[in-house]
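Here are my notes on the model you sent, set out as numbered points. They begin with strand pairing and then move on to helix packing and backbone geometry.

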Amino acid sequence: MPASRWQTNPTELFEWIEENDIDLLDMLMPASFQKFLQTNPTQPPPSPSPEEPSGEEPASSLPEIVPILPLRGVVVYPQTAVPLTIGQPRSVKLVDDAVGGSRFIGLLAALDPELESPGPSELYQVGTLATIHRLLRAPDGTIRLLVQGLERFRLVEFTQTEPYLMARIERIPETVETGLEVDALARNARDQFSAISELIPSFPRELVASVTMVEDPLPTVYAIANLQRIELEEAQKLLELDSVAEKLRKLVNFLVRETEILQIGQKIQNEARSEIDKVQREYFLREQLKAIQKELGERDEQTIEVEEFRRKMEEAQMPEEAAKMAKRELERLSRLPTAAAEYGVIRTYLDWLVSIPWAAATTDNLEIAHAREVLDKDHYGLEDIKERIVEFLAIRKLKLERRATQEALQDEIRREREGVILCFVGPPGVGKTSLGQSIAHAMGRKFIRISLGGVRDEAEVRGHRRTYIGAMPGRILQSLRRAETRNPVFMLDEVDKLTNDFHGDPASALLEVLDPEQNTEFRDNYLEVAYDLSQVMFITTANTLETIPGPLRDRMEIIFLSGYTEGEKTAIARGYLIPRQVVENGLNPEEVTFTNDSLQTIIRQYTREAGVRNLERTIGSVCRKIGTRIAEGKASAFEVTPDLVKEFLGHPPLQGPEELHLRTSTPGVVPGLAWTPYGGDVLFIEATRMNGSKGFQVTGSVGNVMQESARAALSYVRSHAKELGLPEDFYEKSDFHLHVPAGAQPKDGPSAGVTIATALTSLISGRLVKPHIGMTGEITLRGQVLPIGGVKEKVLAAHRNGLRTVILPKRNEADIEDVPDEVQKAMQFIFAEKIEEVIANALEPAPTPVTEQEPQPKPARKAKPKKNKEADHAENLPG
């Protein structure tokens with residue numbers, strides 16, 4: 001390999017000089033060095049001991065052809081001594097020949113320091129003529145030598161490439177200026193060098209003193225540059241400059257920059273050292289404080305903290321696994337210094353461990369009569385849920401009374417399940433969340449609620465590992481810690497709105513929490529010990545079941561909450577909503593009174609919804625208007641009437657039954673009943689006909705299933721046109737367009753099949769749909785009407801929208817039992833097995849044909865006018 005500098009810092013260079021008994025001034029001053037060489041003749045050395053080269057030549061007889069030694073990453077300057085290491089066979093031979101001959105060699109830096117054996121074209125053109133001063137053969141075959149730079153040269157041509165490079169050279173004289181400017185530059189360079197040496201503690205003071213004693217500008221440049229770490233390109237540029245003044249300027253610029261870098265580095269180091277010193281000082285002071293407190297018989301802060309944790313551990317009544325973990329961590333804490341980083345981590349972990357309610361629990365109020373009273377007071381209706389809570393309390397009461405006699409009947413594999421996991425599913429505003437608070441009140445338990453809407457990280461449920469900075473338990477244990485009891489009523493709101501991504505699937509993490517067989521040993525990632533969740537009464541809420549994963553849905557007892565009827569809303573408004581809004585708006589009960597007609601107006605024309613959330617909001621708006629007028633002194637009390645409601649709230653956004661009659665006054669428009677996550681709704685199916693050739697399209701943001709139902713309905717109508725009293729060729733020269741308004745809302749499902757078939761039959765036959773009638777059901781190609789879901793919600797929606805008759809599949813007749821009696825009495829239900837029954841009950845009778853219009857021979861011959869009139873009439877049918 002090419003020669004390289006084997007000692008790269010001044011300390012090692014200084015050690016080399018001392019070991020070889022070299023006078024430092026002789027190394028730095030060329031005249032003294034020449035004298036040194038003349039008074040110390042050398043002879044060829046025996047390997048591997050340090051030797052001196054022989055064949056001394058006077059300075060005036062420097063050769064014109066010299067062997068070239070390539071250098072890697074180093075530039076040797078004239079009038080400087082540089083230690084080198086060589087190991088390549090050709091370089092070793094070059095040195096051996098030079099030591100046995102004139103001892104002169106040419107030193108050229110390689111363009112690429114990574115090259116092992118650079119060729120003639122891969123070397124710089126300007127180098128330094130040097131003489132080998134000292135030599136040491138190492139046991140590994142390499143040679144360490146000290147060379148002394150003499151003067152610069154430029155390559156003329158290479159005269160030999162094997163076994164090593166030799167070249168003809170020409171000397172490059174230096175341009176040495178004199179004057180005050182050069183002296184000032186040289187002095188500045190020496191001052192900067194001294195400043196740098198002060199910033200480097202390992203820099204030998206003798207070397208600094210020797211350099212600062214050199215007054216000649218040229219040796220000053222080379223001596224200082226030789227002791228600095230300069231990039232190869234910059235060092236080569238410094239060598240190639242002819243002017244000493246330019247060399248000094250370039251060197252001073254470099255030294256100023258290097259001084260700034262070292263000062264910044266020293267500042268950073270001092271700051272770090274001061275921080276370390278501060279920590280050490282605190283440590284020593286704390287240790288001294290401990291010793292003083294020990295002598296005085298006092299306890300230190302850490303001991304007090306450890307004893308406090310030990311007391312809390314005894315009070316917490318932890319299970320065996322948790323107690324064992326707490327004792328182990330407490331022992332680690334007692335042995336660590338308080339300044340240790342892990343001390344805070346262990347302390348936080350123990351704080352969580354002792355503050356979680358392991359045994360603390362509230363006593364259940366098992367009085368069934370009290371529970372019924374509280375539930376009826378807080379919520380109107382919702383009998384199914386109230387009955388389920390009463391059942392839970394009754395069974396728990398029996399189990400407590402008969403625990404002693406039933407212990408022998410317990411299964412060793414399947415543990416006794418004490419908790420309950422319910423899922424309330426229903427549209428918004430029906431009281432799912434407030435019902436959880438009422439249940440907790442009735443049972444005498446504490447209530448916790450967390451919202452899962454948008455949660456996408458599994459760690460929200462299970463917690464983070466302790467290895468992470470800022471780790472903490474999941475929201476389950478955090479909430480139990482706040483409640484300070486192990487048996488609260490725990491509501492997980494909006495469980496159907498969980499999401500998942502690369503952070504994990506929180507719905508899967510809930511499987512363990514909501515499984516009675518597993519939640520007796522729930523393990524949070526942070527605590528890493530089992531916690532018993534079986535005493536917790538979990539209640540989840542959702543608007544729809546479709547988005548809840550099947551395994552999670554299977555672990556919960558589903559209870560559906562349907563929308564409220566008009567009578568129920570009126571009762572809820574009088575018993576709950578109006579009193580609350582009167583108080584919230586600063587009114588007195590005697591200052592505002594709502595009539596039944598005003599409440600019906602608000603319910604029918606302003607808040608047509610499944611729940612009562614918008615109803616309460618609208619009542620609050622009326623109360624604010626009244627409060628404003630009372631504050632202005634315009635009146636002292638108000639009786640809210642329908643006219644006053646319209647005055648306060650403006651034009652009603654929803655129309656009553658008259659809108660339904662207006663929209664169905666044209667053939668081809670039929671009301672259908674639909675189910676949504678927010679309750680039932682009424683959708684209008686519109687059909688129109690135009691000239692064409694068997695075209696059929698469905699619009700209105702309709703899904704694939706609903707489109708297939710539409711095609712099935714069309715196929716049935718075509719195949720049974722004769723039985724339905726329709727022309728058998730009605731489809732030959734016509735296109736049909738089926739549209740479901742409210743196109744911004746996606747719609748799908750098979751339950752619109754009978755409605756679509758009825759709309760097509762109404763359009764083709766010209767028969768209007770009977771007023772105030774709605775329908776739902778799936779149709780087959782054979783005309784059968786199949787059962788559908790969501791009957792209760794659909795019937796309630798029909799009742800809210802003013803429909804008085806509903807056609808349902810025959811097999812859904814049993815579902816009418818779930819409909820409130822108030823609605824059953826107000827509506828008529830028709831149960832159909834075939835589509836013919838639906839059409840017969842839904843459409844008006846066919847109009848009696850007029851004899852005079854049957855022949856119409858003359859208009860029939862006028863093909864174009866008749867077709868245009870018929871097309872115009874068909875296009876205008878749906879309005």
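1. In this predicted model, Met-491 has Ile-539 of strand E13 as its bridge partner. The pairing belongs to a set of four bridges that join strand E10, residues 489-493, to strand E13, residues 537-542, and the two strands run parallel.

2. On another strand, E9, Ile-448 stands opposite Phe-490 of E10, and five bridges join E9 to E10, again in parallel. E9 has a covered face made up of Ile-448 and Ile-450, whereas Phe-447, Arg-449 and Ser-451 form its uncovered face.

3. These pairings can be placed in an open sheet of five strands, with the order E9-E10-E13-E8-E14 and parallel pairing. Strand E9 (447-451) and strand E14 (557-560) stand at the edges, and because each has a single partner strand, one side of each is left without a neighbour in the sheet. On average, neighbouring strands of this sheet are turned by 20° against each other, with direction ignored.

4. Which strands does helix H14 touch where it packs on the sheet? Helix H14, residues 383-401, touches strand E8 (420-425), E13 and E14, and its direction makes about 175° with that of E8. Helix H18, residues 475-483, lies across E9 and E10 and runs at about 150° to E9.

5. A further packing arrangement worth checking is that of helix H21 (residues 566-584) with helix H22 (residues 596-605), which pack at an angle of about 110° with their axes 10 Å apart. Angles of 65 to 115 degrees count as roughly perpendicular, and H21 and H22 are therefore roughly perpendicular to each other. Their crossing is right-handed.

6. The contact between these two helices is made on the H21 side by Glu-566, Lys-569, Thr-570, Ala-573, Arg-574 and Ile-578, and on the H22 side by Asn-596, Leu-599, Gln-600, Ile-603 and Arg-604. Sorted by character, the residues of the contact of H21 with H22 comprise four nonpolar, three polar and four charged.

7. Some backbone details deserve a look against the general background that most residues other than glycine have a negative phi, and most peptide bonds are trans. The peptide bond joining Glu-162 and Pro-163 is cis, with omega about 0°, and Pro-163 is found in the loop between strand E6 (143-160) and strand E7 (166-171).

8. Glu-528, which is not a glycine, has a positive phi of about 65°, and its place is in the loop between strand E11 (522-523) and strand E12 (530-531). Is this residue buried, partly exposed or exposed? Its relative accessibility is 34%, so Glu-528 counts as partly exposed.

9. Ser-701, also a residue other than glycine, has a positive phi near 55°. Ser-701 lies in the loop between strand E19 (695-699) and helix H26 (704-719), and because its relative accessibility is 34%, Ser-701 counts as partly exposed.

10. For the chain as a whole, there are 32 helices and 25 strands, and buried residues make up 48% of the 879 residues. Among contacts in the chain between residues at least 6 apart in sequence, 75% join residues at least 24 apart.

Note on methods
Residues are numbered from 1 along each chain as its sequence is written. This is a predicted model: local features need pLDDT of at least 70, side-chain atom pairs count only at pLDDT 80 or more; totals for chains, interfaces and linings use all residues. Side-chain values use heavy atoms; hydrogens and water are left out. Two strands pair if DSSP finds at least two bridges between them. Axes are lines fitted to C-alpha atoms, for helices over the stretch in contact, and angles run from 0 to 180 degrees between N-to-C directions. Contact means heavy atoms within 4.5 Å. Buried means under 20% relative accessible area, exposed over 50%, partly exposed in between (1.4 Å probe, protein chains only). Angles under 35 degrees count as roughly parallel, over 145 as roughly antiparallel, 65 to 115 as roughly perpendicular and the rest as oblique. A crossing is left-handed if the near helix is turned anticlockwise from the far one by less than a right angle, and right-handed if clockwise. Ala, Val, Leu, Ile, Met, Phe, Trp, Tyr, Cys and Pro count as nonpolar, Asp, Glu, Lys and Arg as charged, and the others, Gly among them, as polar.
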